Amino acid sequence: MQSEVLNFGDICRGISSIVRINDGEKCSRPSPNAVRKCLTMHAHGIAPAVLFSCLLLAASLWDIRKRIIPDSICLAIAVVGLLTFRPVKLFGMLLGLPFLIAALIKECGMGGGDINLVVACGLVLGFSTGSVGFVIGLLAALMWHIITRVVHKREQGSVETRKTSSLPLAPFLSIGFMVAYTTLQ
């Protein structure tokens with residue numbers, strides 16, 4: 001089976017014929033492969049990526065402002081995972097285990113919203129890609145924490161007052177998961 005290479009003109013003609021926007025100009029019939037690509041783009045390409053990034057942004061903003069991540073946002077992220085579902089991606093839900101163990105070991109240490117966010121993103125990304133995003137997010141949070149402690153120590157001369165404040169993890173995890181989604185998916 002020989003695969004057909006799509007060029008920009010084929011894709012534009014495919015979109016034009018699907019949406020029925022020709023504006024009176026002549027256009028050649030698009031290849032069936034271009035039309036198929038345009039029809040499936042919403043289910044497997046642009047729409048899930050935009051939805052995933054918007055939901056991660058919403059989770060980040062909620063976590064920054066109120067220190068909670070609503071279950072509805074995590075559920076919506078899981079639905080995005082169902083749009084591009086493959087059975088192997090179910091293993092990505094295991095990424096929430098370290099956070100669950102941390103929450104069980106130390107009460108008030110890890111929020112349930114963070115656990116749900118990691119599980120939902122694991123469903124979208126799968127285990128290997130999700131692991132990369134998880135590590136990138138945690139490293140970003142660690143770097144932020146170290147930088148703010150150093151800056152605060154220089155300003156105040158002590159870091160004792162910073163120990164009681166919590167760090168919202170959703171923004172950092174979102175950065176990690178988006179980097180993994182855009183580079184490894």
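Which residues are buried in α7? Among them are T129, G130, S131, G133 and F134, and the views below place them in this predicted model.

**View 1. The whole chain is built from helices and has no strands.** Welcome to the overview. The secondary structure comes to 8 helices and 0 strands, so from the N terminus on the elements simply read α-α-α-α-α-α-α-α. Of the 185 residues in the chain, 34% are buried. The accessible surface comes to about 11800 Å², and carbon and sulfur atoms account for 66% of that area. Contacts reach across the sequence too: among those between residues at least 6 apart, 71% join residues at least 24 apart.

**View 2. Helix α7 spans residues 127-156.** Let us follow this helix from end to end. With 30 residues at 1.5 Å a residue, α7 should span 44 Å, and its end C-alpha atoms are 42 Å apart, which agrees. Besides the residues named at the start, G137, A140, A141, T148 and H152 are buried in α7. The buried residues of this helix pack against α5 (97-105), α6 (112-125) and α8 (170-184).

**View 3. F172 of helix α8 meets residues of α7.** F172 is found in helix α8. Its relative accessible area is 11%, so F172 counts as buried. Leaving aside neighbours within four places in sequence, F172 is in contact with G137, A140, A141, W144 and L167. Of these, G137, A140 and A141 are also buried residues of α7. L142 lies 30 residues from F172 along the chain, and the two C-alpha atoms are separated by 9.3 Å.

**View 4. Y181 is another buried residue of α8.** Here we stay on helix α8, where Y181 has its place. Y181 counts as buried because its relative accessibility is 13%, under the 20% limit. With neighbours within four places in sequence left aside, Y181 is in contact with P48, A49, F52, V124 and L125. T129, one of the buried residues of α7, is 52 residues from Y181 in sequence but 7.3 Å away in space, C-alpha to C-alpha.

**View 5. A nonpolar patch lies on the surface.** Now for the outside of the chain. The patch is formed by V88, F91, L94, L97, L100, I101, L104, I105 and F127, which together have about 920 Å² of accessible area. Helix α5 gives the most to this patch, with 5 residues. F127 belongs to helix α7, and at a relative accessible area of 42% F127 is partly exposed.

**View 6. The cysteines form 0 disulfides.** What keeps C121 from a bond with the closest cysteine sulfur? The closest cysteine sulfur is in C74, 7.7 Å from the sulfur of C121, and that is too far for a bond. A pair would need to be within 2.5 Å, and by this rule the count comes to 0 disulfides. C121 has 0% relative accessibility and counts as buried, whereas C54, at 45%, counts as partly exposed.

**View 7. R67 has a positive phi value.** We finish in a loop, the one between α3 (46-66) and α4 (71-83), where R67 lies. The phi of R67 is near 60°, a positive value in a residue other than glycine. R67 is partly exposed, with a relative accessible area of 41%.

Conventions
Residues numbered from 1 in each chain as written. Predicted model: local features only at pLDDT ≥ 70, side-chain atom pairs only at ≥ 80, totals over all residues. Heavy atoms only, no water. Helix = DSSP H or I, 4+ residues; strand = E, 2+ residues; numbered from the N terminus. Expected span 1.5 Å × (residues − 1). Buried < 20%, exposed > 50% of the residue type's maximum accessible area, 1.4 Å probe, protein only. Contact = heavy atoms within 4.5 Å. Patch = residues over 30% accessible without salt bridge, like charges linked within 9 Å, V, L, I, M, F, W, Y side chains within 5 Å. Areas by Shrake-Rupley, 256 points an atom, 1.4 Å probe, with all protein chains shown as cover. Salt bridge = Lys/Arg side-chain N within 4 Å of Asp/Glu carboxyl O.
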